[in-house]
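Here are my notes after going through the model you sent over. They are in no grand order, so dip in where you like.

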Amino acid sequence: EVLEEWLSCQHAWLTLEPIFSSDDVKQQLKQGRTYEHLEQRWKSVMSIDFSDQNVIELCQNVQLLNKLKRCNVFLENAQKDLCDYLEKKRSSFPRFFFLSDVELLEILSQSKDPTAVQRQLHKCFGNISQLQFQSDLQITHMYSKEEEQVKLSLPVAPVGNVDIWLTALEKSMKATLRDSIESALKVYSEQPHVEWVLSWPGQVVIASFQVFWTAEVSEALEKGDLTNLHPRLQNQLADLVQLMRGHHSKMQQAVLSSLIVIGVHTKDVISKLVEEEVSTINDFEWISQLRYYWTKEDLYIRDMNAEFLYGYEYLGNSSRLVITPLSERCYLTLTGALNLKLGGGLAGPAGAGKTETIKDLGKALAIHTVVFNCSDQLNTFAVGKFLKGVASSGAWACLDDIVHIAVEVLSVLAQQISTIQKAQQQQASTG
């Protein structure tokens, strides 16, 4: 009995010791001060045991058993208190919902060292893998996993609790992308196209290019001059291909590669509009495309009668999928569903690209898209935690292989998703 209590106490202490060693955590938790007394008790038990290593004689000590039992009762209370503490931290910075308890505790227990957060950044943000800290620890740049560097327009000082300055980092990330797109749009017509393409981060180049493409097509349709636009786009694309063949850095080639994929699609759209003899901006063939508009100092994306604010989630210099007619159909269906505050379920055989298509639509709208791999081991607690994160952070959830979820968990999942959708339809901010 003593050994069982002992092992239980040791296991719980090993789990909680790195957490309570953080001053931030100790101050936030009710059990913080009491933990210091428990630690002294635990160390005194271990020091006595080290001097007397005869297990039979030692375990006959009734006081030792009572002492260990009291320690275990406290540790259970500390564990519950810890769960409540983590819930508060996650509510303060909703992207923490996408981290496991162990990963979140790793960040919180090292709150004195802001650089320690970098190991978990990729799970909290779309594509921030690293931050650049100056000598005074001020954050001035963010890096994607492709090692693209973007300077923050609002430097972030990692002062106070980690959830507070990570919220400031999120705001700075969005402000940086918005400002970069606005600046890129202003100089688009002033610089040669091949120079402009290599002057900005990949995501900014693609978004700005699509804004101008939308404006050019709309203007050509109103003037009835669509046939003259096609050769211009063809020449622009040929210049990009020629540029791609030159000697450029890996980062610049990645920008050009993604832009060529988008450029080929825009050229194909023009060809189709000419072929269908489209003459108005309200024709189905045109309004069924993802169209980018810069209005009221913000970027909006329209598809049919659906309109979305560009998410400004930093997605780095990642590659883009080739857009096929089936991709367009998926985009049209999903954006229509989202406009009605509903979800979408792409159907098809394994390996067809359903998940990647959703992720690519997320890239097009610059929204943080979190892929959740479902399995028969999933429980209602894990699903609930994930959906809390999705609802409170504004991210998209892609439930991959949902058919593998057990029926009893699936029913809870369906109810929770239904609750989120009803809340969106009613524009409710709290549950």
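1. Let me begin with one residue, V156, which sits in strand β3 (residues 149–156). Bear in mind throughout that this is a predicted model. V156 has a relative accessible area of 4%, so it falls under the 20% cut-off and counts as buried. Setting aside neighbours within four places in sequence, its contacts are L137, Q138, I139, W165, A168, L169 and S172. If you want a distance to check on screen, try V156 to E170: 14 residues apart in sequence, and 9.8 Å apart in space from C-alpha to C-alpha.

2. Two backbone angles deserve a look. E147 has a phi near 70°, a positive value in a residue other than glycine. E147 is found in the loop between β2 (139–143) and β3, and it is exposed, with a relative accessible area of 63%. M304 also has a positive phi without being glycine, this one near 55°. M304 belongs to the loop between β5 (298–303) and β6 (306–309), and at 31% relative accessible area it is partly exposed.

3. Now the whole chain. It has 17 helices and eight strands, and its C-alpha trace spans about 95 × 55 × 35 Å along the principal axes. Of the 431 residues, 45% count as buried. Take the contacts between residues at least 6 apart in sequence: 64% of them join residues at least 24 apart.

4. On annotation, the unreviewed UniProt entry puts "domain: Dynein heavy chain hydrolytic ATP-binding dynein motor region" at residues 310–429. In the model, that span is 50% helix and 8% strand, and its end C-alpha atoms lie 21 Å apart. I'd treat the label as what the record says, since such annotations may be inferred rather than shown by experiment.

5. Which residues lie nearest the centre of the second largest pocket? They are H122, H368, T369, V370 and V371, out of a lining of 28 residues. The volume of this pocket is about 820 Å³. α7 (121–124), α15 (354–365), β7 (369–373) and α16 (380–393) each give at least two residues to the lining. Sorted by class, the lining has 12 nonpolar, nine polar and seven charged residues.

6. One of those lining elements, α16, is worth a quick length check. Its 14 residues should span 20 Å at 1.5 Å a residue, and the end C-alpha atoms are indeed 20 Å apart, so the two agree. The buried residues of α16 are V383, G384, K385, F386, L387, G389, V390 and S393. When you look at how they are spaced, remember that an α-helix has 3.6 residues a turn, so residues three or four places apart point the same way. The cover over the buried residues of α16 includes α5 (62–92), α6 (101–108), β7, β8 (396–400) and α17 (407–425).

7. How many cavities of 30 Å³ or more does the structure hold? There are four. The largest cavity holds about 170 Å³ of space. Its lining is made of 16 residues, with H265, Q289, L290, I323 and Y331 nearest the centre. α10 (202–223), α12 (250–275) and α14 (325–339) each supply at least two lining residues, and the largest share, four residues, comes from α12. The lining divides into eight nonpolar, five polar and three charged residues.

8. The second largest cavity has a volume of about 130 Å³. It is lined by 15 residues, and Q203, I206, G316, R320 and K363 lie nearest its centre. α10 and α15 each bring at least two residues to this lining, with α10 giving the most, five residues. The class count is six nonpolar, seven polar and two charged.

9. Last, S258 in helix α12. Is S258 buried or exposed? It is buried, because its relative accessible area is 3%, under the 20% cut-off. Not counting residues up to four places away in sequence, S258 touches I206, S318, S319 and R320. Two of these names, I206 and R320, will be familiar from the centre of the second largest cavity.

Conventions. Residues are numbered from 1 along each chain as its sequence is written. This is a predicted model: local features need pLDDT of at least 70, side-chain atom pairs count only at pLDDT 80 or more; totals for chains, interfaces and linings use all residues. Side-chain values use heavy atoms; hydrogens and water are left out. On a 1 Å grid over the protein atoms alone, a cavity is a set of points where a 1.4 Å probe fits but cannot get out, and a pocket is an open set with protein on both sides within 12 Å along at least five of seven lines; lining residues have an atom within 4 Å of a point. Grid points are joined across faces, edges and corners, and a volume is the space filled by probe spheres set on the points. Ala, Val, Leu, Ile, Met, Phe, Trp, Tyr, Cys and Pro count as nonpolar, Asp, Glu, Lys and Arg as charged, and the others, Gly among them, as polar. The expected span of a helix is 1.5 Å times one less than its number of residues. Buried means under 20% relative accessible area, exposed over 50%, partly exposed in between (1.4 Å probe, protein chains only). Contact means heavy atoms within 4.5 Å.
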